[in-house]
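Thanks for coming. I will go through the side-chain contacts of one structure, so please have the sequence and the model open.

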Amino acid sequence: MRELAATGLPFLLAGTYAVSAYTGISRPTKDLDIFCKAGDSPRILGVFHDLGYSIEIEDERWLGKVHKGRHFFDVIYASSNGTMPVNDQWFEHAREIEVFGSQVQIVAPTELVWSKAFIQMRHRYDGADVIHVILKQHDQIDWQRLLGYMELHWEMLLVHLLNFRWAYPTERNRVPRWLMDELMDRLRHQLDLPPPQMKVCRGRMLSRIDYATAVEEWGFADVGGEGDWRDA
């Protein structure tokens, strides 16, 4: 964290540390999630390469890594499904905390929810994090901005809000009524429409593996291109 801060490059701490800061929930974590803009990712990776760390580009679309022995941190500048590019708006609303003796910025509650909305796989599901950030930071979430982020995927936002209402029924009013009315109105209008003509499996945005059969055997179109690992 000290070396990151010393670079002078803009970055945001996210993941488990941000969840802990906003909810008080503490749990072991194997790494740090460092968010930055795509243009700053090569700079951050380059600085740590020059410092003697081992670096790798796991996926050019969104993820690099910095290693030192068994320890590492992720350098994230988008989501794996392409829905979440980190931009200036993330930094405009960031908060500042002290971590390991360094003053750093952490991702704001609104963007934290957005960053975790699509992480739903068999081996990792961040829906509980979304629920608990809503529970503890509902008055700090910019719901209009969150809706803007998830405009194209408003159904996913509705799913998370319904999960929250189910998990904490006494706290339902922590989600603005106007937002629930807006999403339910969209759903009511959608129910009157015919189904889409193109068979698309958007489940691949959640997990490429869990929804592979839909694309490989059932005739559903993928939401984006797929490739093999370089050394496979």
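How exposed is Val223, and into which class does it fall? Before I answer, note that this is a predicted model. Val223 has a relative accessibility of 40%, so it counts as partly exposed. You will find it in the segment after helix 10, which covers 212–216. Val223 does not stand alone: together with Met198 and Val200 it forms a nonpolar patch on the surface. The accessible area of these three residues together is about 260 Å².

While you are in that part of the sequence, look at Lys199. The charged end of Lys199 sits over the ring of Phe220, at 4.5 Å from the ring centre.

Next, cysteines. How many disulfides does the structure hold? The number is zero. Two cysteines can be described by their burial. Cys36 has a relative accessible area of 0%, so it is buried. Cys201 is at 9% relative accessibility and counts as buried because the limit for that class is under 20%.

Now the aromatic side chains. A search of the whole structure gives seven aromatic pairs. One of them joins Tyr17 and Phe100. Their ring centres are 5.7 Å apart, and with 75 degrees between the planes the arrangement is edge-to-face. Which parts of the chain does this pair tie together? Tyr17 belongs to helix 2, residues 15–23, while Phe100 is in the loop between strand 6 (95–99) and strand 7 (102–106), so the contact links parts that are 83 residues apart in sequence. As for accessibility, Tyr17 is partly exposed at 27%, and Phe100 is exposed at 54%.

Another pair to look at is Trp114 with Tyr149. Here the ring centres are again given as 5.7 Å apart, but the planes meet at 5 degrees, so this pair is stacked. Trp114 lies in helix 5, residues 109–116, and Tyr149 in helix 7, residues 143–149, so the stack ties together parts that are 35 residues apart in sequence. Both Trp114 and Tyr149 are buried.

Let me go back to Phe100 for its backbone. In the loop between strand 6 and strand 7, Phe100 has a phi near 55 degrees, which is a positive value in a residue other than glycine. To finish the aromatics, Phe48, Tyr53 and Phe73 form one cluster.

That leaves the charged side chains. Side chains of opposite charge can pair when their charged atoms come close. How many salt bridges does the count come to? It comes to 19.

I will start with the bridge between Arg145 and Glu111, where the N to O distance is 2.9 Å. Arg145 is in helix 7 and Glu111 in helix 5, so this bridge ties together parts that are 34 residues apart in sequence. Helix 5 and helix 7 also hold the stacked rings of Trp114 and Tyr149. Are the two charged partners buried or exposed? Arg145 is buried, at 11% relative accessible area, and Glu111 is buried, at 0%.

The bridge between Asp210 and Arg122 has an N to O distance of 2.4 Å. Asp210 lies in the loop between helix 9 (177–191) and helix 10, and Arg122 in the loop between helix 5 and helix 6 (127–137), so the pair ties together parts that are 88 residues apart in sequence. Asp210 is partly exposed at 31%, whereas Arg122 is exposed at 70%.

Then there is Lys65 with Glu58. The closest N and O atoms in this bridge are 3.9 Å apart, and the pair counts because the cut-off is within 4 Å. Lys65 is buried, with a relative accessible area of 10%. Glu58 is partly exposed, at 32%.

Last, which residues are linked in a network of salt bridges? They are Arg27, Lys116, Arg124, Asp126 and Asp129.

To recap: there is a nonpolar surface patch of Met198, Val200 and Val223, zero disulfides, seven aromatic pairs and 19 salt bridges. That is the end of my part.

Notes. Residues are numbered from 1 along each chain as its sequence is written. This is a predicted model: local features need pLDDT of at least 70, side-chain atom pairs count only at pLDDT 80 or more; totals for chains, interfaces and linings use all residues. Side-chain values use heavy atoms; hydrogens and water are left out. Patches are made of residues with over 30% relative accessible area and no salt bridge: like charges are joined within 9 Å, nonpolar side chains (Val, Leu, Ile, Met, Phe, Trp, Tyr) within 5 Å. Accessible areas come from the Shrake-Rupley method with a 1.4 Å probe; for residues, only the protein chains shown count as cover. A salt bridge is a side-chain nitrogen of Lys or Arg within 4 Å of a carboxyl oxygen of Asp or Glu. Helices (H or I, at least four residues) and strands (E, at least two) are DSSP runs, numbered from the N terminus. Buried means under 20% relative accessible area, exposed over 50%, partly exposed in between (1.4 Å probe, protein chains only). A disulfide is a pair of cysteine sulfur atoms within 2.5 Å. Rings of Phe, Tyr and Trp (its six-membered ring) pair if their centres lie within 6.5 Å; planes under 30 degrees apart count as stacked, over 60 as edge-to-face and the rest as tilted. A charge sits over a ring if NZ of Lys or CZ of Arg is within 6 Å of the ring centre and within 35 degrees of the ring normal.
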